[in-house]
Amino acid sequence: MKTRKNVFLWSIFGVSAWLLVNTYSPGGSSMEGFVKTPTAFIDSEQARSQVDDLIGDFGQAKVLPAAYELQALVALSYFPELKDVPIRFALWESPFAHTSRPDWQSMLWPWMERSYTIGIGKQLKTSLAATAFRNLSFNAQIGVLGHELSHIVDYEQKTNAVLMGLGLQYFFEDFQICFERRTDIQTIERGLGYQLLEWSRSVHPLLTADGRGHLYLNPEQILTRIEENDLYDKTDHGFFNNFEPHF
């Protein structure tokens with residue numbers, strides 16, 4: 001009986017992995033028509049003056065935490081194709097600073113509209129406390145939310161079966177590296193490269209010390225991608241010349 005159970009479980013794993021390998025596109029999603037002009041610094045006061053318009057344009061089907069409503073709306077404005085996609089931004093007791101995932105309940109039946117949760121962790125271990133969302137600058141907060149929203153853009157193009165396979169693949173470190181770095185690249189191409197760079201310069205040394213920094217592009221790699229991308233005005237680079245992480 002135990003042997004049959006093991007064969008069944010490995011069969012599920014094999015089918016899921018096959019679906020992922022044959023359907024997953026490392027090249028990422030098409031972003032044509034959805035890219036905003038990058039800006040080195042997104043001013044919170046200017047954004048706050050536009051909050052009503054942001055809510056009207058990008059707040060549909062969203063559950064936004066009061067403390068971070070503005071950051072979420074600004075990040076969402078870079079992803080207009082997610083305008084009608086149900087997304088909940090949730091503060092939760094989690095050891096992970098940030099995460100995004102499909103809600104499993106919405107994946108039970110093919111006719112159900114899929115929904116997602118972006119989790120913002122509140123209970124990080126002491127060595128990673130400085131990486132918590134509440135300790136990031138406004139600019140960096142938008143950058144990391146852009147990373148999570150890039151995941152959702154990717155998820156939206158996949159079937160439920162492929163997403164389940166992706167979840168299994170994520171247990172393997174090589175896949176994690178490819179998955180997270182590719183999402184960083186998508187975030188840069190979306191126009192949030194400077195915001196991602198500020199986040200990375202703030203947290204990457206701590207993530208590296210914790211053994212997870214290698215999963216993501218480091219600040220130098222992000223800046224190289226920005227410099228190679230014609231979307232970015234190179235004169236904005238001066239904003240980061242004297243940037244100091246605020247641990």
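Colleague: Which residues line the second largest pocket?

Modeller: This is a predicted model, in which residues are numbered from 1 along each chain as its sequence is written, local features need pLDDT of at least 70, side-chain atom pairs count only at pLDDT 80 or more, and totals for chains, interfaces and linings use all residues. Side-chain values use heavy atoms, with hydrogens and water left out. A pocket is an open set of points on a 1 Å grid over the protein atoms alone, where a 1.4 Å probe fits and protein lies on both sides within 12 Å along at least five of seven lines, and its lining residues have an atom within 4 Å of a point. On that basis, the lining of the second largest pocket consists of Lys 36, Thr 39, Phe 41, Ile 42, Asp 43, Gln 46, Ala 47, Gln 50, Leu 54, Val 74, Ser 77 and Tyr 78.

Colleague: Which element gives the largest share of the lining of the largest pocket?

Modeller: The largest pocket holds about 1,000 Å³ of space (the space filled by probe spheres set on the points, which are joined across faces, edges and corners), and of its 37 lining residues, His 98, Thr 99, Ser 100, Tyr 170 and Glu 180 are the closest to the centre. Two or more lining residues come from each of strand 3 (98–102), helix 5 (138–156), helix 6 (160–169) and helix 7 (173–209), where helices (H or I, at least four residues) and strands (E, at least two) are DSSP runs numbered from the N terminus. The largest share, 6 residues, comes from helix 7.

Colleague: Which residues of strand 3 point to the face where the side chains are buried?

Modeller: The side chains of strand 3 alternate, and Thr 99 and Arg 101 point to the face where they are not buried, buried being under 20% relative accessible area with a 1.4 Å probe and protein chains only. Pointing to the other face, and buried, are His 98, Ser 100 and Pro 102.

Colleague: Which strands stand at the edges of the sheet?

Modeller: The open sheet has 4 strands in the order 1-2-4-3, with mixed pairing, and two strands pair if DSSP finds at least two bridges between them. Strand 1 pairs with strand 2 (residues 87–92) in the parallel sense over 2 bridges, Val 63 having Arg 88 as its bridge partner, while strand 3 runs antiparallel to strand 4 (residues 116–121) and is joined to it by 5 bridges, with Pro 102 opposite Tyr 116. Each edge strand has a single partner, so one side is left without a neighbour in the sheet, and these edge strands are strand 1 (62–63) and strand 3.

Colleague: What separation do the C-alpha atoms of Gly 193 and Gly 146 have?

Modeller: Gly 193 sits in helix 7 and is buried, with a relative accessible area of 0%. Setting aside residues up to four places away in sequence, Gly 193 touches Thr 187, Ile 188, Ile 222, Ile 226 and Tyr 232, contact meaning heavy atoms within 4.5 Å. Gly 146 is 47 residues from Gly 193 along the chain, and their C-alpha atoms are separated by 9.3 Å.

Colleague: Which residues are in contact with Gln 71, leaving aside its neighbours within four places in sequence?

Modeller: Gln 71 belongs to helix 4 (residues 69–76), and its relative accessible area of 9% makes it buried. With those sequence neighbours left aside, the residues in contact with Gln 71 are Phe 138, Gln 141, Ile 142 and Leu 145.

Methods:
Buried < 20%, exposed > 50% of the residue type's maximum accessible area, 1.4 Å probe, protein only.
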